[in-house]
Amino acid sequence: MAKNLVIVESPAKAKTIEGYLGKDYVVRSSYGHVRDLVKSGMGIKVEKNFEPVYEISPDKHDVIEELKKLTKKAEVVWLATDEDREGEAISWHLFETLKLNEESTRRIVFHEITKKAITEAIKNPRKIDKNLVDAQQARRILDRLVGFELSPVLWKKVKPQLSAGRVQSVAVRLIVEREREIDQFTITASYKVVGMFEMNGKTFKAELPKKFKTKEEAEEFLTNCIGADFGVKNLEVKPGKRTPSAPFTTSTLQQEAARKLGYSVAQTMVLAQKLYESGKITYMRTDSVNLSQDALDMSKAAITKNYGAKYHEARVYKNKIASAQEAHEAIRPTDFNIDEAGNDAREQKLYNLIWKRTIASQMADAVLEKTVVTISSDKTKEDFVANGEIIKFDGFLKVYMEGTDDENSEEQDGILPVMKIGDALILNEATATERFTYPPSRFTEAMLVKKLEELGIGRPSTFAPTISTVQKRGYVEKAERQGKERAYSVISLKNNKIVHETKTEITGAEKNKLFPTDIGMLVNDFLVANFKDILDYNFTAYVEREFDDIANGELKWQKMIKEFYGPFHITVETTEKEAVRVSGERILGKDPVSGMTLLVRVGRFGPMAQIGAQDETDKPRFAKLRAEQRLDQITFEEAMDLFKLPRNLGDFEGHDIAVSIGRFGPYVRLDSFFVSLKKEDDPYTITYDRAVELILDKRKANAEKIIKTFEEDKEIQILNGRWGPYIAYHDRNIRIPKDREPASFTLQEIHELAEKTPVVAKKKGFGKSAFKSAVPKKPVEKKAVVKKAVVKKKSKK
């Protein structure tokens, strides 16, 4: 047995490190966290100074047993988990769970998984940093307290099975407030004038800085241009430069990967994790823009070799974020000579992005020459302005140009012909185009990360989980929305004639934008009204700074939690007693047929329209709102249209084809045969022919799926599934042994296999969330049950 046991948190990392260490080292993985707060109850002893109660995660018992055996045989145990707070906490939990001896335990950290870095770490071990552990514990405990106490309030006052998180709720608030900014935005129109001028056979574009408010003003200007003499009134040539951006931090990598590669925040982090664990890049959760001296030397060599010495310029970047940890390093390649990151094309694209950004950060400025030409005429007061730009030396632009989130940015300036003041110009054409103001842009995932970082909310390790969580909980959805056609006017001057045109454009189209759902808006409004501190941006940022203080050893975590929990707990109790239940209900009018009230609200399964109020009927009619509809915007007519379902499209094979919307979305039904509609199909407009097409396609797909059926028992079939062939045996599925040809099974053999295969019980419960499993779905009813149980026990005594 090897003398040294090295424990890391992932198998991929273990495999890479094992290759760098000799036969005296065994490297094993803990597969992430091995302990967490207990799921039965709050998991925190509030009365004992917020003492956490931990338990080994159910899926980690075997891992712990194996590690315990290995630690007994090893002389030294090396805890080599990640260098951030989460990594430090994993090492501490391993130390506690494995009951390690402090004298024979070493804690090592490294920014990159290379032979040099691992060797240096082994030479310079340290003890577990309890301050970092406490900062992670404080975040975990605070978030559990908030979730555990807030969620039951939401169940009672808004809707069952909802949950709330501290940072996630603030992220939802940002998205809700942006949506309302867009709703309240007033679009105004103006006319932008562009002229195409000619000099010595070369044409170029110039714009009028002034925009005209009305069509009449724009037409009057163009009319004045007829027969006018244009010339160069002024000409300025200015030197300019562009400077490269700093190397990547976690948030800037997430933003740029979204802009340039179309990756989601979560996808970027998964790929970056793989690149880190395979030794290709440095640690990917960082808020530092520093580069080590090794990195500076390697980048200089790579730039000089590939582009020449004049392209290199050594730079030291300073963090703009006060909480950034200067001791850490930016995300960069571990070896600038490596071009290939592996066989995965997505990993390769992300690696290329990191390589280019890091190299560009150490390259020379791009040298530009900017030209501004002012053009006047003898018949107009307003002057045209033309902007030109020439790149004299490309510098870092040879490698990399940073992306932008500005969707409405103008195109880049072009190259202008050589001219001087007093030169005559010919106006070939001028157009006045009606343009409209734009509302604020909805957040993409990358834009939300940028905003959270600007506000000081969250840290590198929390951005991706926060954005994923708000979507999983149904408070926010990432969606594409079709734009609407809009008409606009164009007035043209050409050959001394004014021409009017009306053109159309698509406006309002959205791709991969974050939209608040009705339930998200309802929960946000309830929390903002009743828990102002929790939803306050400055307060949330202040809490993050307190976590930093704990990590730096400047604040005790128990003190921080106590100061937060006291007022928070009082607010929870007050809200439970005094807050009114909310449903987002809006009364839209009366149903013309029944005369009963038509209203919209959030129900058990989400936003819906309802005909018949509680005091009008025992059997109200319900209809689910469409994906693009909102409770606060839907009209009476739109709500009435929802009750047109189910639609009967006509007879097919002796049965009616019905179209409706169920709990899992729109569908077509033929007798007892159901087919889900495709994304492009609308249940309100789908035709008979299209419905038949979907039915026949589903039948064909089902037929291809069937390997064998049995006349004696039609509830038994051998089918092709996503993970290979299996047996559908009445109400359960049975796996087919790999060494057996599926079609060769007889009915008797299937019965025998079914008897040998244990029936797997269906899982119950609300999910993985700790407080969901600990708090009853309906607290009031649960209390009643507990009370009865107590009475029974007393009567027995």
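**Charges, sheets and turns in a predicted chain**

The protein chain carries 134 positive and 122 negative charges, and their mean positions are 5 Å apart. The model is predicted. Its C-alpha atoms fill a box of roughly 105 × 80 × 65 Å along the principal axes. The protein chain has 797 residues, and 47% of them count as buried. It exposes about 42700 Å². Carbon and sulfur atoms supply 50% of that area. Consider next the contacts with a separation of 6 or more: residues 24 or more positions apart account for 69% of them. The secondary structure comprises 22 helices and 30 strands.

Start near the N terminus, with an open sheet. Its 4 strands follow the order β2-β1-β7-β8, and the pairing is parallel. Which strands stand at the edges? They are β2 (25-29) and β8 (105-107). Each has a single partner strand, so one side of each is left without a neighbour in the sheet. From one strand to the next, the twist averages 20°. Strand β1 (residues 4-8) pairs with β2 over 5 bridges, in the parallel sense. Within that pair, leucine 5 has valine 26 of β2 as its bridge partner. A helix also packs on the sheet: α3 (residues 85-97) touches β1, β7 (76-79) and β8. The direction of α3 makes about 175° with that of β8.

A loop residue comes next along the chain. Asparagine 49 sits between β4 (44-45) and β5 (51-52). Its phi is near 60°, a positive value in a residue other than glycine. Most residues other than glycine have a negative phi. Is asparagine 49 buried or partly exposed? Its relative accessibility is 42%, so asparagine 49 counts as partly exposed.

Now move to the middle of the chain and follow β16 (residues 484-494). This strand has pairings with β14 and β17 to look at. Strand β14 (residues 424-436) runs antiparallel to β16, and 5 bridges join them. Strand β17 (residues 497-507) is also antiparallel to β16, with 11 bridges joining the pair. Valine 490 of β16 takes part in both pairings: threonine 433 stands opposite valine 490, and glutamate 501 is the bridge partner of valine 490 in β17. In a regular strand the side chains alternate between the two faces of the sheet.

The turn joining β16 and β17 deserves a look. The two strands form a hairpin with 2 residues between them. Asparagine 495, in the turn, has a positive phi of about 55°. Asparagine 496 lies in the loop between β16 and β17. It is not a glycine, yet its phi is positive too, at about 65°. How exposed is asparagine 496? Its relative accessible area is 53%. The cut-off for exposed is over 50%, so asparagine 496 is exposed.

Step back along the chain to helix α13 (residues 463-472). Which residues of α13 are buried? They are Phe463, Ala464, Thr466, Ile467, Thr469 and Val470. These buried residues pack against helices α6 (166-184), α8 (250-261), α9 (265-277) and α12 (445-455). Strand β15 (476-481) is another element they pack against. Just after α13 comes glycine 474, with a positive phi of about 80°.

Further along the chain lies another open sheet. Here 4 strands run in the order β19-β20-β21-β22, and the pairing is antiparallel. The edges belong to β19 (586-590) and β22 (621-624). Each has a single partner strand, so one side of each is left without a neighbour in the sheet. The twist averages 25° from one strand to the next. Take the pairing of β19 with β20 (residues 597-603): it is antiparallel and has 4 bridges. Glycine 589 stands opposite leucine 598 in β20.

The last stop is a peptide bond. Most peptide bonds are trans. The bond joining leucine 645 and proline 646 is cis, with omega about 0°. Where is proline 646 placed? It is in the loop between α18 (636-641) and β23 (647-652).

Notes
Residues numbered from 1 in each chain as written. Predicted model: local features only at pLDDT ≥ 70, side-chain atom pairs only at ≥ 80, totals over all residues. Heavy atoms only, no water. Pairing = 2+ DSSP bridges. Axes fitted to C-alpha atoms, helices over the stretch in contact; angles between N-to-C directions. Buried < 20%, exposed > 50% of the residue type's maximum accessible area, 1.4 Å probe, protein only. Contact = heavy atoms within 4.5 Å. Areas by Shrake-Rupley, 256 points an atom, 1.4 Å probe, with all protein chains shown as cover. Lys, Arg positive; Asp, Glu negative; His and termini not counted. Charge placed at Lys NZ, Arg CZ, Asp CG, Glu CD.
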